[in-house]
Amino acid sequence: MIRRTAIATLAFAAGFAISPFVMPHLQAVLSEHPRQPYAGQEQRQISSLSRDDISALENGEGWGLAKPAELNGFPGPLHILELSEQLELEERQKLAVEAAFNTMKAKARELGNALIEAEASLDAAFEQQIATPELLAERLALTEEIRAALRAVHLSAHLQVTPLLSDNQKRRYAELRGYGAGGDGHGGHERH
């Protein structure tokens with residue numbers, strides 16, 4: 001029975017795929033999404049970083065590195081400041097969050113630029129055809145050490161500013177950021 005079902009499924013799929021109606025649509029999809037996902041990226045300044053990535057790193061932006069905090073009930077300093085009126089921040093809260101944000105931004109810019117340099121060095125090893133297992137290990141270790149430090153800067157800022165907010169402000173933040181009814185960001189269920 002299973003064998004007959006499998007054969008029928010394959011026969012249907014084969015017949016469906018060559019249907020005169022389906023074939024032009026299938027060809028259009030294949031031509032839009034060829035098996036060349038990196039085509040055009042060989043022109044990048046650094047293979048592993050887009051222009052947007054480089055800009056974000058140079059400017060000390062979050063680059064998605066703090067999602068474990070942001071999506072689990074630990075608000076970020078930039079977004080707290082952006083939502084300061086809706087959160088009804090007191091002046092002392094705003095000043096403390098601004099200080100945390102400024103410190104984070106300065107460190108993130110420094111480490112972001114270091115990460116760009118490390119990625120460029122890794123890229124250059126391959127571009128110059130000098131990559132060896134030893135050189136690769138050395139340059140990867142440096143790159144990932146910097147990336148981890150950069151991520152720690154962003155995540156630590158979330159840890160630093162979250163206690164400055166009341167429970168109501170944290171819930172409101174989650175609502176305003178679109179994370180549901182507040183709380184931990186996963187459906188709005190608070191952890192106990």
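**Figure 1. Overview of the predicted model, a protein chain with 9 helices and 0 strands.** In this predicted model, the order of elements along the sequence reads α-α-α-α-α-α-α-α-α. The protein chain holds 192 residues, of which 32% are buried. When contacts between residues at least 6 apart in sequence are considered, 71% of them join residues that are at least 24 apart. The accessible surface amounts to about 12,800 Å², and carbon and sulfur atoms account for 57% of that surface.

**Figure 2. Close-up of the crossing between helix H3 (residues 51–58) and helix H7 (residues 91–127).** A pair of packed helices is described by the angle between their axes together with the distance between those axes. Here the axes of H3 and H7 come within 7 Å and cross at roughly 140°, and the two helices are therefore oblique to each other. On the H3 side the contact is made by Ile54, Leu57 and Glu58, which meet Ala108, Arg109, Gly112, Asn113, Leu115 and Ile116 of H7. Sorted by class, the residues in this contact are 5 nonpolar, 2 polar and 2 charged.

**Figure 3. Close-up of the buried and exposed sides of H3, with Ile54, Ala56 and Leu57 as its buried residues.** Seen down the axis of H3, these buried residues fall within an arc of 165°, so they line one face of the helix. The cover over the buried residues of H3 includes H7 and helix H8 (133–161). On the face of H3 turned away from the buried side are the exposed residues Arg51 and Asp52. Glycine 60, which has a positive phi near 70°, follows H3.

**Figure 4. Close-up of tryptophan 63, in the loop between H3 and helix H4 (67–70).** Tryptophan 63 is not a glycine, yet its phi is positive, at about 55°. The relative accessible area of tryptophan 63 is 27%, and the residue is therefore partly exposed, since that class covers the range between the 20% limit for buried residues and the 50% limit for exposed ones.

**Figure 5. Close-up of glutamate 88, in the loop between helix H6 (84–87) and H7.** Glutamate 88, although it is not a glycine, also has a positive phi, with a value of about 55°. With a relative accessible area of 65%, glutamate 88 is exposed, because residues over 50% are placed in that class.

**Figure 6. Close-up of glutamine 45, in the loop between helix H2 (22–32) and H3.** Glutamine 45 counts as exposed, its relative accessibility being 67%. If its neighbours within four places in sequence are left aside, glutamine 45 is in contact with Ile54 and Asp123. Of these two partners, Ile54 is one of the buried residues of H3, and Ile54 also takes part in the contact of H3 with H7. Glutamine 45 and aspartate 123 are separated by 78 residues in sequence, while their C-alpha atoms lie 9.3 Å apart in space.

Definitions and conventions:
Residues numbered from 1 in each chain as written. Predicted model: local features only at pLDDT ≥ 70, side-chain atom pairs only at ≥ 80, totals over all residues. Heavy atoms only, no water. Helix = DSSP H or I, 4+ residues; strand = E, 2+ residues; numbered from the N terminus. Buried < 20%, exposed > 50% of the residue type's maximum accessible area, 1.4 Å probe, protein only. Contact = heavy atoms within 4.5 Å. Areas by Shrake-Rupley, 256 points an atom, 1.4 Å probe, with all protein chains shown as cover. Axes fitted to C-alpha atoms, helices over the stretch in contact; angles between N-to-C directions. Parallel < 35°, antiparallel > 145°, perpendicular 65-115°, else oblique. Nonpolar A, V, L, I, M, F, W, Y, C, P; charged D, E, K, R; others polar. Arc of directions from axis to C-beta.
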